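User: I am new to this structure and would like a close look at a single part of it. Please take one strand, explain how it is placed and what it pairs with, and then set it beside other parts.

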Amino acid sequence: MAADSTYQTITGDGGELHQQTDAGGPHLTTNQGIVVADNQNSLKAGRRGPTLLEDFILREKIFHFDHERIPERIVHARGTGAHGYFEAYENAAGFSKADLFQRAGEQTPVFVRFSTVAGGAGSVDTPRDVRGFAVKFYTKEGVWDLVGNNIPVFFIQDAIKFPDLVHAVKMEADKGYPQAASAHDTFWDWIGLMPEATHMVMWQMSDRTIPRSFVTMEGFGIHTFRLIDAEGKNTFVKFHWKPKQGLQSQIWDEAVKTAGADPDYQRRDLYERLDRGDYPEWELGIQAFDEETAEGLDFDVLDSTKIIPEEIVPVTPIGRMVLDRYPDNFFAETEQVAYCPGNIVPGIDFTNDPLLQGRLFSYLDTQLKRLGSTNFHQLPINAAKSPVNNFQRDGHMQMNVPKGRANYEPNSLNEAGEDAGPRECPVKGYSTYAAQDVAAPAGDKLRIRAESFADHYSQARLFFRSLDKAEQAHLASALVFELSKVGLEHVRVRVLSNLVNVDPALAQRVADGLAMDVPPASATAVEPRDLDPSPALRIIRGPLEKHTLEGRAVGILIADGSDGDQIDALTSKIGDAGGKPVLIAPKVGGVKLKDGSLLKADAQLAGFPSVFVDAVALVLSDDGAALLTKEAAAVQFVMDAFGHLKAIGAADAAKPLLDKAGVEADEGVTDLGDAFLTAAGQRFFDREPGVRTLA
Ligand code: HDE
């Protein structure tokens with residue numbers, strides 16, 4: 001309630017009337033524009049009488065409320081969005097005639113939605129899951145949607161399998177659980193029977209599916225697309241989004257604890273970044289190649305379970321995207337945004353990837369179910385920012401009021417003059433690339449998979465062997481965790497026998513972690529091959545790992561008696577380095593510093609575990625530290641920071657707390673000087689074998 005408005009109780013003939021005094025703002029009305037006199041009491045027959053059906057104000061309000069929910073997305077139900085812009089680089093026009101690429105520096109508005117896949121709309125933000133990375137470009141030539149994920153491959157090669165995949169991973173049909181988790185029987189049962197999913201499963205079990213933040217993820221268009229230039233020349237492309245923030249993931253234990261401490265962690269993180277002006281940025285890059293290169297590869301570029309290693313076809317940056325505004329209204333924008341891979345502009349085109357082709361049908365169909373009308377494109381978040389003119393008419397919730405008699409084409413009613421209706425334009429209009437498949441010309445109608453799609457294991461092996469040692473251990477441990485939740489032993493055995501094809505040593509590690517024997521390898525259509533490792537696939541010690549405080553948070557634990565000068569020095573140095581200092585104290589009201597002054601805290605210790613920050617500093621007095629050794633939340637705060645491989649900077653007085661939390665000296669445990677600021681921008685993976693047993 002606004003400060004200058006108060007509720008009054010007026011007693012009159014009609015009984016009590018509670019009124020909010022007029023604060024000078026707009027009047028409350030019904031949807032028909034009738035000003036409402038009383039928004040607190042329904043219309044009754046007598047002072048204590050029954051409510052009357054006549055009360056159109058009550059009925060309209062409840063009617064609208066009853067229908068507030070729309071069906072959630074069958075996949076990617078949980079997500080959050082942001083507005084921003086795409087800015088083309090100079091070279092972009094060389095590849096495609098698409099208008100948004102033509103002028104270097106020109107900005108095109110975008111709306112991005114990040115999501116998890118398996119969980120419902122009310123599930124948590126940090127399960128182990130693939131993240132959606134969907135971008136809507138409102139170009140001058142219409143809407144282009146690049147609907148991708150944070151992983152460059154997919155589980156299946158053909159769209160016809162998608163419903164089975166999703167049924168298998170979602171809550172089990174009889175039990176209705178688990179929510180937002182792949183660690184259960186039906187998922188692994190299906191995966192074990194689907195060797196083509198193995199490569200994606202390697203990515204899914206890697207640190208990629210527990211990203212630290214939406215802004216520390218790569219994005220991928222996955223399928224091979226085409227760019228068409230002004231002369232009609234085709235270039236095959238794979239789209240990549242490279243985060244300026246660097247790539248960063250959580251430790252699994254950290255992700256689990258984050259889910260409990262703040263189910264909304266990642267959407268809050270995005271909101272807070274935008275709110276404080278810390279705008280995330282990605283470069284859009286393409287792997288560009290021609291037909292000849294495509295034919296020379298030892299897999300099919302139409303197969304979405306394969307990557308083209310960046311070492312073979314490098315990524316060329318063609319523009320950048322900045323997100324700078326959180327939506328005004330979650331429902332109107334984030335919930336109602338309707339992406340569709342079929343939204344495409346001249347200069348970009350599809351390929352015959354059978355997964356992509358299926359998607360071209362699915363998204364339009366699903367929008368009708370969710371948004372309830374073929375006119376969903378008229379919703380502000382979906383509406384093109386370029387002219388839309390056609391003879392499509394009517395339908396539920398038609399927002400436009402078309403003028404004139406002609407609602408068909410061709411027509412000769414108003415051929416001349418301003419009233420002439422829209423007409424096709426072969427010059428500016430979208431024309432599909434006249435693709436000829438030289439390798440396999442179109443022929444009979446067949447329900448088959450090309451043999452070029454048959455190698456399901458070589459790239460799974462490539463991925464595993466390209467990872468850093470620490471990431472390999474995380475991946476193997478994730479497999480042990482997930483398969484330990486599988487009750488059906490034959491399912492575990494089948495998955496293990498597939499893993500033998502990926503890498504016998506990996507299969508052995510996982511089998512050891514399950515206390516099982518390694519079974520013989522499963523049959524393969526094509527013998528897996530050893531490929532050259534691709535370091536670009538690593539997060540840890542990879543090309544996109546960043547040691548920095550920029551955009552990262554440092555938790556400073558304080559208590560009564562803390563030294564104000566030390567706190568000031570630390571917060572300003574963190575701020576100078578682009579980081580966000582967060583003061584955490586036993587009570588949110590603050591602490592009494594050494595000099596007797598009061599310092600307010602940003603967060604209360606019990607509600608702010610160290611999983612929320614990237615590094616921790618303990619600025620404590622002897623008494624403060626002694627008190628906190630008896631405070632479980634404080635001990636856990638430090639223990640988790642150590643276990644999650646974060647830097648810990650501590651004043652000498654904090655030693656008893658470090659000891660109680662089992663912190664052992666290493667290069668990530670420092671004093672509060674400059675060494676801490678350097679350490680705070682990284683994680684200490686070499687510490688890990690000392691704090692947990694990994695497979
Ligand atoms: Fe989707 N997918 N998908 N998908 N997908 C949907 O559309 C579908 C696939 C992706 O933030 C749905 O509006 C089929 C690959 C994202 O709103 C639905 C197939 C990739 C989002 C649908 C796939 C994706 C969706 C559900 C197999 C990565 C969220 C709600 C052929 C390239 C977009 C909706 C948002 C959403 C179908 C496979 C990414 C049902 C049939 C591969 C990021 O239409």
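Analyst: A residue is called buried here when its relative accessible area is under 20%, and exposed when that area is over 50%, with partly exposed in between. The model is a predicted one, and the part chosen for the close look is strand 9, which covers residues 234-243.

With that cut-off in hand, 10 of the 10 residues of strand 9 are buried, so the strand is largely enclosed by the rest of the structure. The side chains can be followed in two sets: N234, F236, K238, H240 and K242 point one way from strand 9, whereas T235, V237, F239, W241 and P243 point the other way, and the residues of both sets are all buried.

The pairing partners of strand 9 can be taken in order of their numbering. Strand 7, made of residues 219-220, pairs with strand 9 in the antiparallel sense over 2 bridges, and within this pairing F220 has H240 as its bridge partner in strand 9. Strand 8, made of residues 225-228, is likewise antiparallel to strand 9, here over 4 bridges, and I228 stands opposite N234 of strand 9. Strand 8 and strand 9 form a hairpin with 5 residues between the strands, and in this hairpin G232 takes a positive phi near 85 degrees. Strand 10, residues 281-289, also pairs with strand 9 in the antiparallel sense, over 8 bridges, and W241 has L284 as its bridge partner in strand 10. H240 and W241, named in these pairings, belong to the two opposite-pointing sets, H240 to the one with N234 and W241 to the one with T235.

Helix 3 offers a second case of an enclosed element, since 6 of its 8 residues are buried and it is therefore largely enclosed by the rest of the structure. The buried residues of helix 3 are D185, F187, W188, W190, I191 and G192, and they pack against helix 2, helix 4, helix 11 and helix 12. In the loop between helix 3 and helix 4 lies E196, which counts as buried because its relative accessible area is 4%. Leaving aside neighbours within four places in sequence, E196 is in contact with several residues, among them F155, K161, T305, R449 and H456.

E272, placed in helix 6, gives a contrast with these buried residues, because its relative accessible area of 32% makes it partly exposed. The C-alpha atoms of E272 and Y326 are separated by 9.3 Å, although the two residues are 54 residues apart along the chain.

The last part to set beside the strand is the surroundings of the ligand, where R73, R113, S362, Y363 and Q367 come nearest among 22 residues. By class, this shell has 11 nonpolar, 8 polar and 3 charged residues. Strand 5, strand 6 and helix 9 each supply at least two residues of the shell, and helix 9 gives the most, with 6 residues. Y363 has its place in helix 9, and its OH is the single donor from the protein to the iron atom of the ligand, 1.8 Å away. A polar side-chain atom of Y363 also lies 2.6 Å from a nitrogen atom of the ligand, while a polar side-chain atom of R73 lies 2.8 Å from an oxygen atom of the ligand. For H76, an N or O atom in the side chain is 3.5 Å from a nitrogen atom of the ligand.

Terms used: Residues numbered from 1 in each chain as written. Predicted model: local features only at pLDDT ≥ 70, side-chain atom pairs only at ≥ 80, totals over all residues. Heavy atoms only, no water. Near = heavy atom within 4 Å. Polar contact = N/O pair within 3.5 Å; in protein donor to acceptor, adjacent residues only side chain to side chain. Nonpolar A, V, L, I, M, F, W, Y, C, P; charged D, E, K, R; others polar. Donors = N, O, S within 2.8 Å, 3.2 Å for Na, K, Ca; no water. Buried < 20%, exposed > 50% of the residue type's maximum accessible area, 1.4 Å probe, protein only. Contact = heavy atoms within 4.5 Å. Pairing = 2+ DSSP bridges.
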